[in-house]
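Student: Before we discuss the ligand site, could you show me the model, and then explain how each term is justified?

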Amino acid sequence: MHGTRRLIVLSGPSGVGKSTVVADLRRRHPEVWLSVSATTRRPRPGETDGVEYHFTDGDQFDKLVASDELLEWAEFAGNRYGTPRQPVLERLDADVPTLLEIDLQGARQVRQAMPEARLVFLAPPSWDELVRRLVGRGTESPEVIERRLAAAKVELAAESEFDMTLVNTSVEDVVRELLALMNVS
Ligand code: 5GP
């Protein structure tokens, strides 16, 4: 039995600000461990292999899936993303507060695999605000933005599946609530 109560899964639509929240949380509390996912998406400017993601090609990703090395994985807006299992189990065994920042399909798989994990839904203050953030990021083509907005509609409809919702009106407030949930002070 792993200390799965230490596991927080943060999910919510693309553009809602999950990465900003997570970056701020870790700046304040580096002792919280954030899982680094594998992805077939190409790096954005400024992203480094092994930091934001382990960037892989399709063949490497196939191998991770075939050898059951991923705790969960999903296809999102044309790319695949997955959580390496072993590092997560090691942290939970050591009772380290552990954070996954993953999409809705992944959150559902974690719920199945680890029912004690706590699933947190990060919601935008409004739909218009989500569109504004996703477009304003300026890193994606119009086609990719369309796909992500379509995915966001599906994700927003699944909010009730989560243990709790935090509305991202202020990064500071969301971080404070997450830390309280993790018993980190
Ligand atoms: P992005 O391409 O913007 O970095 O991430 C796209 C989506 O994939 C986000 O909703 C992000 O939370 C999700 N994601 C990142 N890593 C994983 C993962 O390991 N598994 C799953 N299921 N989703 C992930």
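**Ligand site and its terms**

Tutor: According to the unreviewed UniProt entry, the annotation "domain: Guanylate kinase-like" covers residues 5-183, in the numbering used here, although such annotations may be inferred rather than shown by experiment. This is a predicted model, in which local features need pLDDT of at least 70 and side-chain atom pairs pLDDT 80 or more, while totals for chains, interfaces and linings use all residues. Residues are numbered from 1 along each chain as its sequence is written, and side-chain values use heavy atoms, without hydrogens and water.

Student: What makes a residue one of the 16 that surround the ligand?

Tutor: A residue counts as near if one of its heavy atoms lies within 4 Å of the molecule; 16 residues surround the ligand, and the closest are Ser-37, Arg-41, Tyr-53, Tyr-81 and Glu-101. By class, this shell has five nonpolar, four polar and seven charged residues, where Asp, Glu, Lys and Arg count as charged, Ala, Val, Leu, Ile, Met, Phe, Trp, Tyr, Cys and Pro as nonpolar, and the others, Gly among them, as polar.

Student: Why is the pair between Tyr-53 and the ligand called a polar contact?

Tutor: An oxygen atom of the ligand is 2.5 Å from an N or O atom in the Tyr-53 side chain, and a polar contact is a pair of N or O atoms within 3.5 Å, so the pair qualifies. By the same definition, the pairs with Arg-44 at 2.9 Å and with Arg-148 at 2.8 Å also qualify.

Student: How do you know how much of the ligand is buried?

Tutor: Accessible areas come from the Shrake-Rupley method with a 1.4 Å probe; taken alone the ligand exposes 510 Å², of which the protein buries 96%.

Note on methods. A polar contact is a pair of N or O atoms within 3.5 Å; within protein, one must be able to donate a hydrogen and the other to accept it, and residues adjacent in sequence count only if both atoms are side-chain atoms.
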